[in-house]
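Q: Got a minute to go through this model with me? Let's have a look.

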Amino acid sequence: MLATPWSRDFGLRVPIVNAPMGGVAGGRLATAVTAAGGLGMVGMGSTATRSALAAELRHVRGRFGIGLVDWVMRADSGLLEDALAARPALVSISFGADWSWVAAAQDAGIATATQVYDAEGARRAAGAGVDILVARGAEGGGHGEVRLATLPLLDEVLDAVHVPVLAGGGIASPRSLAAVLAAGAGGAWVGTRFAACPESLTGADGRQALIAAAATDTRVTRAFDVAAGLPWPKRFPSRVLADEFVARWTGREEALAADPEACAGQPEPVDAGQGVGMIHNDAPVGEVIEAMCSGAARLLSGWG
């Protein structure tokens, strides 16, 4: 199969970690990714609760990780306590600048990760003791800073720090996986491709939308967060499948916030990165990982 020094050291058969997507990456998806040789992550997004975490953890089998949103976690400190008590192999917390959680996790013997968007952010996170950095490129789905594309970001981060770096954003095929591994990433942080798998929490309509979408069908917006009243910082918009709601309200968020009827009528967003064009079916997780890894291994071996 496919391996990197980091994936072997972390006890994985393949260098794949599923992004802990809120509302998508539940216990069943995490279990399937781990069973296929990667590390499955349970994601708690912007509406996370302790009861929601407990409900998803009941579906977990085998080794797993947990991902939290920093500002959500700080609104309910019990989320972090519950996450650490579950004894995951990895805790990933992003979208914040207070690193006090790092020592709490490491004192419990749990590895830590966070997303970064430039070299300076990578140096700050590594200086705070974070074990694994996720270089999340601007083409990634869901929330994140829109600064650098995945490969330029990976270049910067790998030069800036000496901790393991995973690459996230637009990785949905053997070619994109091979590219980030050849560049020096310890593994891939895969989101959108797994969102279309039947083990995810994505509804049937959302899966079909992902399968039907082209790579150019995504847009970065704050419209859904504003309509839902979610206090996401402005620097963390979300990349989603574009629709009429996105077209109408992106760039007009103040007007949207002042229009209760428009807020109440917002459709359900489908987070998607620019790798969405590589999704052609709703194959199960095991098939997706095998195809990505075997294909990437062939590509990399061709360079001898």
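Q: What phi does Gly-129 take, just after H7?
A: Gly-129, just after H7, takes a positive phi of about 95°. Helices here are DSSP runs of H or I with at least four residues, strands are E runs of at least two, and both are numbered from the N terminus. This is a predicted model, so local features need pLDDT of at least 70 and side-chain atom pairs count only at pLDDT 80 or more, while totals for chains, interfaces and linings use all residues. Residues are numbered from 1 along each chain as its sequence is written, and side-chain values use heavy atoms, with hydrogens and water left out.

Q: OK, which residues of H7 are buried?
A: In H7 (residues 119-127) they are Ala-119, Gly-121, Ala-122 and Ala-125. Buried means under 20% relative accessible area, exposed over 50%, partly exposed in between (1.4 Å probe, protein chains only). Seen down the axis of H7, the buried residues fall within an arc of 160°, so they line one face of the helix; the arc is that of the directions from the helix axis to the C-beta atoms.

Q: And what do they pack against?
A: Strand S5 (111-116), strand S6 (132-136) and helix H8 (150-160), with contact meaning heavy atoms within 4.5 Å.

Q: Switching topic: where is Asn-18, and is Asn-18 buried or exposed?
A: Asn-18 sits in strand S1 (residues 16-18) and is buried, with a relative accessible area of 0%. Not counting residues up to four places away in sequence, Asn-18 touches several residues, including Leu-29, Met-41 and Phe-194.
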